[in-house]
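Student: Could we go through this model together, asking of each term how it is earned?
Tutor: Gladly; let us take the helices and strands in turn.

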Amino acid sequence: MGLQKGISVGLKQVGGALLLIGTLCSIQFWTSDYSVAYLRRTPFYSRDLREGSYHPRTESYVGPVEVESPYPSLPRSSDDRFVIFNVLPKSGSRTLNSLALNVATRHGVNIENTMALTDKNRFQKMTNLLGRGNPTFVYSHMSFQDVRTDRRNVVYISIVRDPIERLVSLYYYKRYGDSTAPGYFRAKMDKLNLSRDSFDECARKNGDCVSSALMTKTIQHFCDGGTKSVKRCISNARENVRNEYLVVGVMDDYLGFIKVLEKLLPDVFRGAEEFYKDFVTQSYFSVMKTKNKTGPSEEVMRMLRKRMVKEYEFYDYVKTEFEILKRKLGIV
(Lines give C-alpha, C1' and ligand atoms only; values in the text may rest on other atoms or scores of the structure.)
Protein backbone atom coordinates (compact mmCIF):
# COMPACT_ATOMS: atom_id res chain seq x y z
CA MET A 1 0.00 0.00 0.00
CA GLY A 2 2.85 2.30 0.93
CA LEU A 3 4.61 1.40 -2.31
CA GLN A 4 1.51 2.21 -4.38
CA LYS A 5 1.11 5.54 -2.60
CA GLY A 6 4.77 6.34 -3.21
CA ILE A 7 4.45 5.52 -6.91
CA SER A 8 1.30 7.66 -7.15
CA VAL A 9 3.02 10.64 -5.54
CA GLY A 10 6.04 10.16 -7.79
CA LEU A 11 3.90 10.06 -10.92
CA LYS A 12 2.12 13.26 -9.86
CA GLN A 13 5.47 15.00 -9.37
CA VAL A 14 6.71 13.82 -12.77
CA GLY A 15 3.42 14.89 -14.34
CA GLY A 16 3.70 18.32 -12.76
CA ALA A 17 7.25 18.71 -14.03
CA LEU A 18 6.23 17.68 -17.54
CA LEU A 19 3.33 20.15 -17.46
CA LEU A 20 5.70 22.96 -16.48
CA ILE A 21 8.19 21.99 -19.21
CA GLY A 22 5.38 21.77 -21.76
CA THR A 23 4.11 25.21 -20.80
CA LEU A 24 7.57 26.76 -21.10
CA CYS A 25 8.26 25.01 -24.38
CA SER A 26 4.99 26.25 -25.80
CA ILE A 27 6.43 29.76 -26.09
CA GLN A 28 7.72 30.07 -29.63
CA PHE A 29 9.09 33.10 -31.36
CA TRP A 30 8.12 33.56 -34.98
CA THR A 31 9.43 36.25 -37.30
CA SER A 32 7.65 37.77 -40.29
CA ASP A 33 8.55 41.29 -41.44
CA TYR A 34 8.99 42.31 -37.83
CA SER A 35 9.83 40.60 -34.57
CA VAL A 36 6.92 38.65 -33.06
CA ALA A 37 6.65 36.95 -29.70
CA TYR A 38 3.74 34.59 -29.74
CA LEU A 39 2.48 32.01 -27.32
CA ARG A 40 1.16 29.25 -29.56
CA ARG A 41 -0.25 26.67 -27.19
CA THR A 42 -2.91 28.93 -25.71
CA PRO A 43 -4.12 32.46 -26.43
CA PHE A 44 -4.30 33.22 -22.73
CA TYR A 45 -0.87 34.65 -22.24
CA SER A 46 1.13 35.44 -19.10
CA ARG A 47 -1.40 35.19 -16.30
CA ASP A 48 -0.52 35.15 -12.63
CA LEU A 49 -0.96 31.55 -11.48
CA ARG A 50 -2.78 32.82 -8.42
CA GLU A 51 -5.58 33.98 -10.73
CA GLY A 52 -5.87 30.54 -12.30
CA SER A 53 -4.67 29.33 -15.70
CA TYR A 54 -6.80 28.42 -18.69
CA HIS A 55 -6.47 25.09 -20.49
CA PRO A 56 -8.13 25.12 -23.93
CA ARG A 57 -8.09 21.34 -24.25
CA THR A 58 -10.22 20.84 -21.14
CA GLU A 59 -11.98 24.20 -21.53
CA SER A 60 -11.67 24.99 -17.85
CA TYR A 61 -9.65 27.10 -15.44
CA VAL A 62 -7.27 25.66 -12.88
CA GLY A 63 -7.40 27.86 -9.84
CA PRO A 64 -10.03 29.84 -7.97
CA VAL A 65 -12.03 30.64 -11.13
CA GLU A 66 -14.00 27.83 -12.75
CA VAL A 67 -15.73 28.29 -16.09
CA GLU A 68 -17.85 25.63 -17.72
CA SER A 69 -17.69 25.70 -21.51
CA PRO A 70 -21.01 26.68 -23.15
CA TYR A 71 -19.99 24.62 -26.20
CA PRO A 72 -19.23 21.10 -24.97
CA SER A 73 -19.72 19.66 -28.44
CA LEU A 74 -20.09 21.24 -31.85
CA PRO A 75 -20.68 19.73 -35.30
CA ARG A 76 -17.47 18.88 -37.14
CA SER A 77 -16.53 21.07 -40.08
CA SER A 78 -16.44 19.43 -43.52
CA ASP A 79 -13.09 17.93 -44.51
CA ASP A 80 -12.74 20.18 -47.57
CA ARG A 81 -13.07 23.39 -45.53
CA PHE A 82 -9.91 25.54 -45.85
CA VAL A 83 -9.92 29.07 -44.39
CA ILE A 84 -6.99 31.41 -45.08
CA PHE A 85 -6.81 34.35 -42.67
CA ASN A 86 -4.17 36.59 -44.21
CA VAL A 87 -3.88 39.88 -42.41
CA LEU A 88 -1.44 42.73 -41.89
CA PRO A 89 0.43 42.89 -38.55
CA LYS A 90 -1.25 44.88 -35.75
CA SER A 91 -4.76 44.48 -37.09
CA GLY A 92 -6.22 42.31 -34.34
CA SER A 93 -5.01 39.09 -35.91
CA ARG A 94 -3.97 37.35 -32.68
CA THR A 95 -7.45 37.89 -31.28
CA LEU A 96 -9.03 35.96 -34.15
CA ASN A 97 -6.35 33.30 -33.93
CA SER A 98 -7.23 32.94 -30.24
CA LEU A 99 -10.87 32.46 -31.21
CA ALA A 100 -9.86 29.85 -33.77
CA LEU A 101 -7.77 27.99 -31.19
CA ASN A 102 -10.67 27.92 -28.75
CA VAL A 103 -13.73 27.71 -31.00
CA ALA A 104 -12.77 26.35 -34.43
CA THR A 105 -10.86 23.47 -32.86
CA ARG A 106 -14.13 22.30 -31.30
CA HIS A 107 -15.41 21.84 -34.83
CA GLY A 108 -12.44 19.60 -35.59
CA VAL A 109 -10.60 22.37 -37.47
CA ASN A 110 -6.82 22.15 -37.60
CA ILE A 111 -5.08 25.49 -36.82
CA GLU A 112 -1.92 26.25 -38.81
CA ASN A 113 0.54 29.15 -38.77
CA THR A 114 2.99 30.33 -41.44
CA MET A 115 4.61 33.22 -39.56
CA ALA A 116 8.16 31.88 -39.35
CA LEU A 117 8.45 30.86 -42.99
CA THR A 118 10.02 32.53 -46.01
CA ASP A 119 7.74 33.26 -48.97
CA LYS A 120 8.96 30.14 -50.78
CA ASN A 121 8.52 27.86 -47.76
CA ARG A 122 5.18 29.48 -46.91
CA PHE A 123 3.84 28.64 -50.37
CA GLN A 124 5.18 25.09 -50.05
CA LYS A 125 3.52 24.63 -46.68
CA MET A 126 0.24 25.97 -48.06
CA THR A 127 0.47 23.47 -50.93
CA ASN A 128 1.11 20.63 -48.48
CA LEU A 129 -1.82 21.68 -46.28
CA LEU A 130 -4.14 21.84 -49.28
CA GLY A 131 -3.22 18.24 -50.07
CA ARG A 132 -4.44 17.00 -46.69
CA GLY A 133 -7.99 15.89 -46.04
CA ASN A 134 -8.97 17.73 -42.87
CA PRO A 135 -10.64 21.11 -42.17
CA THR A 136 -7.97 23.79 -41.77
CA PHE A 137 -7.62 27.41 -40.60
CA VAL A 138 -4.37 29.11 -41.69
CA TYR A 139 -3.17 32.22 -39.85
CA SER A 140 -0.70 34.25 -41.91
CA HIS A 141 0.63 37.74 -42.64
CA MET A 142 1.19 36.91 -46.31
CA SER A 143 -0.37 39.17 -48.91
CA PHE A 144 -3.10 37.91 -51.21
CA GLN A 145 -2.08 34.92 -53.31
CA ASP A 146 -4.56 32.67 -55.07
CA VAL A 147 -3.85 29.08 -53.99
CA ARG A 148 -7.33 27.69 -54.57
CA THR A 149 -7.83 24.19 -55.85
CA ASP A 150 -10.80 22.11 -56.92
CA ARG A 151 -10.03 19.63 -54.15
CA ARG A 152 -10.67 22.04 -51.28
CA ASN A 153 -13.29 24.64 -50.37
CA VAL A 154 -10.83 27.53 -49.95
CA VAL A 155 -12.09 30.86 -48.60
CA TYR A 156 -10.16 34.01 -47.77
CA ILE A 157 -10.94 36.25 -44.82
CA SER A 158 -9.13 39.30 -43.48
CA ILE A 159 -9.50 42.48 -41.45
CA VAL A 160 -8.13 46.01 -41.80
CA ARG A 161 -7.25 48.74 -39.34
CA ASP A 162 -7.08 52.53 -39.62
CA PRO A 163 -3.78 52.94 -41.55
CA ILE A 164 -2.17 55.52 -39.27
CA GLU A 165 -3.22 53.70 -36.10
CA ARG A 166 -1.68 50.52 -37.50
CA LEU A 167 1.59 52.26 -38.39
CA VAL A 168 1.94 53.75 -34.91
CA SER A 169 1.09 50.47 -33.19
CA LEU A 170 3.56 48.55 -35.38
CA TYR A 171 6.30 51.10 -34.69
CA TYR A 172 6.07 50.69 -30.92
CA TYR A 173 5.41 46.96 -31.08
CA LYS A 174 8.69 46.39 -32.93
CA ARG A 175 10.46 48.23 -30.12
CA TYR A 176 8.63 47.29 -26.95
CA GLY A 177 6.25 44.46 -27.84
CA ASP A 178 3.51 43.72 -25.37
CA SER A 179 3.24 41.85 -22.08
CA THR A 180 3.24 38.35 -23.61
CA ALA A 181 7.05 38.12 -23.43
CA PRO A 182 8.51 40.71 -21.03
CA GLY A 183 12.10 41.63 -21.84
CA TYR A 184 12.21 39.83 -25.19
CA PHE A 185 11.42 42.87 -27.30
CA ARG A 186 13.76 45.14 -25.34
CA ALA A 187 16.63 42.72 -26.04
CA LYS A 188 15.55 42.41 -29.68
CA MET A 189 15.50 46.19 -30.03
CA ASP A 190 19.01 46.50 -28.58
CA LYS A 191 20.27 43.78 -30.93
CA LEU A 192 18.76 45.44 -34.01
CA ASN A 193 19.82 48.88 -32.80
CA LEU A 194 16.34 50.30 -33.41
CA SER A 195 15.85 53.97 -32.66
CA ARG A 196 14.24 54.94 -29.37
CA ASP A 197 12.67 58.01 -30.95
CA SER A 198 8.96 58.49 -30.50
CA PHE A 199 6.84 57.93 -33.60
CA ASP A 200 6.41 61.70 -33.96
CA GLU A 201 10.18 62.22 -33.90
CA CYS A 202 10.69 59.48 -36.47
CA ALA A 203 7.98 60.91 -38.74
CA ARG A 204 9.34 64.45 -38.54
CA LYS A 205 12.76 63.13 -39.59
CA ASN A 206 11.07 61.30 -42.48
CA GLY A 207 12.45 58.07 -41.04
CA ASP A 208 11.73 54.46 -41.99
CA CYS A 209 8.48 54.56 -39.99
CA VAL A 210 6.98 56.62 -42.83
CA SER A 211 8.78 55.09 -45.82
CA SER A 212 7.01 55.25 -49.18
CA ALA A 213 6.29 51.51 -49.08
CA LEU A 214 4.36 51.90 -45.82
CA MET A 215 2.17 54.64 -47.26
CA THR A 216 0.26 52.06 -49.37
CA LYS A 217 0.86 48.92 -47.30
CA THR A 218 -2.82 47.97 -46.96
CA ILE A 219 -3.38 48.30 -50.70
CA GLN A 220 -0.30 46.17 -51.43
CA HIS A 221 -1.54 43.49 -49.05
CA PHE A 222 -4.71 42.89 -51.07
CA CYS A 223 -3.09 43.38 -54.47
CA ASP A 224 -1.77 40.54 -56.64
CA GLY A 225 2.00 40.35 -56.36
CA GLY A 226 2.62 40.89 -60.07
CA THR A 227 0.77 44.21 -60.24
CA LYS A 228 3.34 47.02 -60.28
CA SER A 229 1.72 50.43 -60.74
CA VAL A 230 -0.07 51.95 -57.74
CA LYS A 231 -3.14 52.83 -59.81
CA ARG A 232 -3.56 49.29 -61.12
CA CYS A 233 -2.78 47.86 -57.69
CA ILE A 234 -5.59 49.89 -56.11
CA SER A 235 -8.05 48.65 -58.73
CA ASN A 236 -6.84 45.08 -58.31
CA ALA A 237 -7.03 45.27 -54.50
CA ARG A 238 -10.65 46.47 -54.68
CA GLU A 239 -11.55 43.65 -57.07
CA ASN A 240 -9.96 41.09 -54.76
CA VAL A 241 -11.83 42.40 -51.72
CA ARG A 242 -15.10 42.32 -53.64
CA ASN A 243 -14.64 39.03 -55.52
CA GLU A 244 -12.01 36.87 -53.80
CA TYR A 245 -12.64 37.40 -50.07
CA LEU A 246 -15.59 36.01 -48.20
CA VAL A 247 -15.29 38.97 -45.83
CA VAL A 248 -12.82 41.72 -45.00
CA GLY A 249 -13.74 43.16 -41.62
CA VAL A 250 -12.78 46.40 -39.88
CA MET A 251 -10.93 46.41 -36.58
CA ASP A 252 -13.08 49.27 -35.24
CA ASP A 253 -16.05 46.89 -35.45
CA TYR A 254 -14.47 43.65 -34.32
CA LEU A 255 -17.68 42.30 -32.85
CA GLY A 256 -19.42 42.90 -36.17
CA PHE A 257 -16.60 40.98 -37.88
CA ILE A 258 -17.09 38.04 -35.50
CA LYS A 259 -20.86 38.06 -36.10
CA VAL A 260 -20.33 37.95 -39.87
CA LEU A 261 -17.91 35.03 -39.54
CA GLU A 262 -20.35 33.13 -37.36
CA LYS A 263 -23.09 33.64 -39.97
CA LEU A 264 -21.02 32.81 -43.04
CA LEU A 265 -18.82 30.07 -41.55
CA PRO A 266 -20.89 28.45 -38.79
CA ASP A 267 -19.00 25.17 -39.20
CA VAL A 268 -15.84 27.01 -38.11
CA PHE A 269 -16.92 29.94 -35.93
CA ARG A 270 -20.18 28.94 -34.27
CA GLY A 271 -19.80 30.06 -30.64
CA ALA A 272 -17.21 32.75 -31.49
CA GLU A 273 -19.37 35.74 -30.50
CA GLU A 274 -20.02 34.48 -27.00
CA PHE A 275 -16.37 33.53 -26.54
CA TYR A 276 -15.19 36.94 -27.82
CA LYS A 277 -17.47 38.88 -25.47
CA ASP A 278 -15.97 37.01 -22.53
CA PHE A 279 -12.43 37.15 -23.92
CA VAL A 280 -12.27 40.97 -24.09
CA THR A 281 -13.32 41.34 -20.45
CA GLN A 282 -10.53 39.16 -19.09
CA SER A 283 -7.12 40.29 -17.88
CA TYR A 284 -5.30 38.15 -20.44
CA PHE A 285 -6.78 40.26 -23.29
CA SER A 286 -4.93 43.37 -22.11
CA VAL A 287 -1.51 41.69 -22.26
CA MET A 288 -1.70 41.73 -26.07
CA LYS A 289 -1.85 45.53 -26.18
CA THR A 290 1.28 47.27 -27.47
CA LYS A 291 3.40 48.85 -24.74
CA ASN A 292 4.61 52.46 -24.53
CA LYS A 293 2.44 53.59 -27.45
CA THR A 294 1.97 57.36 -27.69
CA GLY A 295 0.77 59.85 -30.31
CA PRO A 296 0.72 60.70 -33.05
CA SER A 297 0.32 64.44 -32.73
CA GLU A 298 -2.18 66.40 -34.82
CA GLU A 299 0.70 67.78 -36.85
CA VAL A 300 1.97 64.32 -37.79
CA MET A 301 -1.57 63.09 -38.39
CA ARG A 302 -2.15 65.87 -40.96
CA MET A 303 1.16 65.15 -42.65
CA LEU A 304 0.42 61.42 -42.95
CA ARG A 305 -3.15 61.91 -44.13
CA LYS A 306 -1.80 63.93 -47.06
CA ARG A 307 0.68 61.20 -47.92
CA MET A 308 -1.80 58.35 -47.44
CA VAL A 309 -4.74 59.62 -49.47
CA LYS A 310 -4.91 56.47 -51.63
CA GLU A 311 -4.49 54.24 -48.59
CA TYR A 312 -7.47 55.89 -46.88
CA GLU A 313 -9.55 55.74 -50.04
CA PHE A 314 -9.03 51.99 -50.07
CA TYR A 315 -9.66 51.70 -46.33
CA ASP A 316 -12.94 53.60 -46.70
CA TYR A 317 -13.89 51.33 -49.59
CA VAL A 318 -13.37 48.24 -47.41
CA LYS A 319 -15.44 49.80 -44.62
CA THR A 320 -18.29 50.51 -47.05
CA GLU A 321 -18.21 46.96 -48.43
CA PHE A 322 -18.23 45.57 -44.90
CA GLU A 323 -21.26 47.66 -43.91
CA ILE A 324 -23.12 46.51 -47.04
CA LEU A 325 -22.39 42.88 -46.17
CA LYS A 326 -23.58 43.34 -42.58
CA ARG A 327 -26.86 44.82 -43.77
CA LYS A 328 -27.38 41.92 -46.18
CA LEU A 329 -26.89 39.51 -43.27
CA GLY A 330 -29.17 41.49 -40.96
CA ILE A 331 -26.35 42.39 -38.57
CA VAL A 332 -26.62 45.76 -36.84
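Student: What makes the span of helix α14 close to the expected one?
Tutor: The expected span is 1.5 Å times one less than the number of residues. Helix α14 (residues 309-328) has 20 residues, for which 28 Å is expected, and reaches 29 Å from its first C-alpha to its last. Helices here are DSSP runs of H or I with at least four residues, strands are runs of E with at least two, and both are numbered from the N terminus.

Student: How far should I trust this, and how are residues counted?
Tutor: This is a predicted model, in which local features need pLDDT of at least 70 and side-chain atom pairs count only at pLDDT 80 or more, while totals for chains, interfaces and linings use all residues. Residues are numbered from 1 along each chain as its sequence is written, and side-chain values use heavy atoms, with hydrogens and water left out. On pLDDT, the predictor's confidence in each residue from 0 to 100, α14 has the highest mean among the elements, 97, and strand β2 (residues 35-39) the lowest, 27. Over residues 11-72 the pLDDT is below 50.

Student: Which residues of α14 are called buried?
Tutor: Buried means under 20% relative accessible area, exposed over 50%, and partly exposed in between (1.4 Å probe, protein chains only). Among the buried residues of α14 are Glu 311, Tyr 312, Phe 322 and Lys 326.

Student: Why are β6 and β9 said to stand at the edges of the sheet?
Tutor: The open sheet has five strands in the order β6-β7-β5-β8-β9, with parallel pairing. Strands β6 (110-113) and β9 (245-250) each have a single partner strand, so one side of each is left without a neighbour in the sheet.

Student: How do you know that β8 and β9 pair?
Tutor: Two strands pair if DSSP finds at least two bridges between them. Five bridges join β8 (residues 153-160) to β9, so the pair meets that definition. Val 160 stands opposite Val 250 in β9. Likewise, four bridges join β6 to β7, and the bridge partner of Asn 110 in β7 is Thr 136.

Student: What makes the β6, α3 and β7 unit right-handed?
Tutor: A crossover is right-handed if, with the strands pointing away from the viewer, the path from the first strand over the helix to the second runs clockwise. The β-α-β unit of β6, α3 and β7 is right-handed, so its path runs clockwise in that view.

Technical notes: Contact = heavy atoms within 4.5 Å.
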